Amino acid sequence: MSNAQIEIQLIASLVAIACAIPGTFLVLRKMALITDAISHSILPGIVIGFFITHDLSSPLLIIMAAASGVLTVVLVEFIQKTGLVKEDTAIGLVFPALFSIGIILIAKNANDIHLDVDAVLLGELAFAPFDRLSIGDTDLGPKSLWIIGTILIITLGLLFTFFKELKVSTFDAGLASALGLSPVVMHYGLMTVSSITTVGAFDAVGAILVIALMIAPAATAYLLTNDLKKMLFLAVVFGVASALTGYWVAHVLDASISGSMTTVLGLLFLLVYLFAPEKGLFSVLYRQKRQRIEVSLLTFLLHLRNHKEKEERHVKHLNEHINWQKVRSKSVLDLALKNNMITIDHDIVSLTNKGKKFTTEAIDYIVTNKNSEIENMKDRFFLFRG
């Protein structure tokens with residue numbers, strides 16, 4: 001493995017970590033789309049910063065780009081608070097306008113300067129090791145490594161310092177205000193960090209991969225845990241793992257590094273989306289099927305409680321009068337038997353003492369409009385679930 005390959009993977013890993021931290025809070029605040037807006041609308045800030053300094057490596061470009069990102073957030077919220085349009089519409093109005101301004105500035109005033117719109121959007125990690133930082137005759141490594149490393153250290157410092165404030169303001173802005181915290185300060189602080197991180201990763205990986213690394217690892221982690229610390233950890237792990245895997249996929253296929261990393265992120269999210277234990281699609285579909293059977297069981301038990309006549313309690317009654325298909329009837333009967341709710345004697349179904357107690361409590365909950373308690377009651381009575 002060459003030094004360039006090691007440097008590319010190291011840069012990608014640092015970018016993944018730096019993006020995963022603010023990305024986690026953006027996902028929790030339901031502001032994922034704002035990342036796309038920031039990643040595009042910082043372009044005019046970069047261009048204006050270059051016009052002032054005439055130096056593509058000047059720190060002012062990062063400052064101006066971050067200011068442009070914050071301006072995007074301010075404009076989006078201003079438009080949203082008018083109540084005339086929703087947040088997604090406001091984002092769709094603001095960032096194309098700012099991005100277009102950046103493109104016009106490049107086209108009119110910087111045609112002879114290397115501010116390539118395609119490079120900004122796509123980025124190319126393969127070129128990052130060739131842009132070196134040197135002091136005298138000493139080669140300190142790729143500039144991108146130092147830039148994103150510095151941003152990551154600052155981000156980690158802010159995270160550890162303001163973790164509680166960020167947590168409270170993210171989940172309950174009202175409580176944060178009552179405790180004397182300022183949700184507005186936390187909000188714009190997060191937006192500033194997101195903007196600076198986006199700018200720092202811009203030159204190395206481009207806007208497309210920045211958006212993917214901001215959102216996909218956090219969204220994947222969100223499907224696996226409800227604990228904020230675990231979510232941050234998993235987002236970082238998923239981001240780094242996808243970055244490294246994507247690099248070697250690109251190496252084998254001789255394809256775009258950024259494109260391969262983004263593809264791996266998408267595939268990882270798809271796997272978790274389908275197979276996550278609690279929030280995965282298959283788990284949700286299974287629970288929905290189980291709940292339908294359990295609702296049918298509750299309906300059947302209440303029917304037995306309210307009818308003493310044998311013909312109303314006959315097994316065939318499920319098909320003839322309740323209009324259940326045989327498969328559904330068998331599922332309900334099997335579940336009731338497994339949970340010792342009923343007995344069947346000569347095809348006549350009767351409630352057991354456990355079944356009578358269950359239906360009595362169920363009626364009480366329904367009459368008192370405490371239907372939400374039914375699930376807790378099922379957990380207490382059902383040894384087997386549908």
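This briefing covers confidence, strand pairing, aromatic geometry and selected residue environments in one protein chain. The model is predicted, and the protein chain averages a pLDDT of 82. A score of at least 70 is reached by 91% of the residues. Among the elements of the chain, the highest mean pLDDT, 93, belongs to helix 10 (residues 228–253), while helix 6 (residues 117–122) has the lowest, at 50.

**Strand pairing**

- Strand 1 (residues 132–135) pairs with strand 2 (residues 138–142) in the antiparallel sense, and three bridges join them.
- R132 has P142, in strand 2, as its bridge partner.
- The hairpin formed by strand 1 and strand 2 has two residues between the strands, and G136 in this hairpin takes a positive phi near 65°.

**Aromatic pairs and a charge over a ring**

- The count of aromatic pairs comes to three.
- One pair is formed by Y247 and W248, whose ring centres are 5.1 Å apart; their planes stand at 80°, so the pair is edge-to-face, the cut-off for that class being over 60 degrees.
- Y247 counts as buried because its relative accessibility is 5%, and the limit for burial is under 20%.
- W248, its partner in the edge-to-face pair, is partly exposed, with a relative accessible area of 32%.
- Another pair is formed by F269 and Y273, with ring centres 5.9 Å apart; the planes meet at 25°, so this pair is stacked, as planes under 30 degrees apart are classed that way.
- F269 and Y273 both belong to helix 11 (residues 257–275); they are four residues apart there, and therefore about one helical turn separates them.
- F269 is partly exposed at a relative accessible area of 29%, and Y273 is also partly exposed, at 35% relative accessibility.
- K279 lies over the face of Y222, at 3.9 Å from the ring centre.

**The environment of T170**

- T170 is placed in helix 7 (residues 143–171).
- With a relative accessible area of 13%, T170 falls under the 20% limit and is therefore buried.
- The side chains of T170 and R29 are joined by a polar contact of 3.2 Å.
- Beyond residues up to four places away in sequence, T170 touches F25, L28 and R29; R29 is thus listed among the contacts of T170 as well as being its polar partner.

**Two glycines in helices**

- G102 lies in helix 5 (residues 87–109) and counts as buried, because its relative accessibility is 0%.
- In sequence, 57 residues separate G102 from G45, yet the two are 7.7 Å apart in space, C-alpha to C-alpha.
- Leaving aside neighbours within four places in sequence, G102 is in contact with L43, P44 and V47.
- G189 is found in helix 9 (residues 183–222) and is partly exposed, with a relative accessible area of 33%.
- G189 and L166 are 23 residues apart in sequence, and the distance between their C-alpha atoms is 9.6 Å.

Notes
Residues numbered from 1 in each chain as written. Heavy atoms only, no water. Buried < 20%, exposed > 50% of the residue type's maximum accessible area, 1.4 Å probe, protein only. Polar contact = N/O pair within 3.5 Å; in protein donor to acceptor, adjacent residues only side chain to side chain. Contact = heavy atoms within 4.5 Å. Phe/Tyr/Trp six-rings, centres within 6.5 Å; stacked < 30°, edge-to-face > 60°. Lys NZ or Arg CZ within 6 Å of the ring centre and 35° of its normal. Pairing = 2+ DSSP bridges. pLDDT = per-residue confidence, 0-100.
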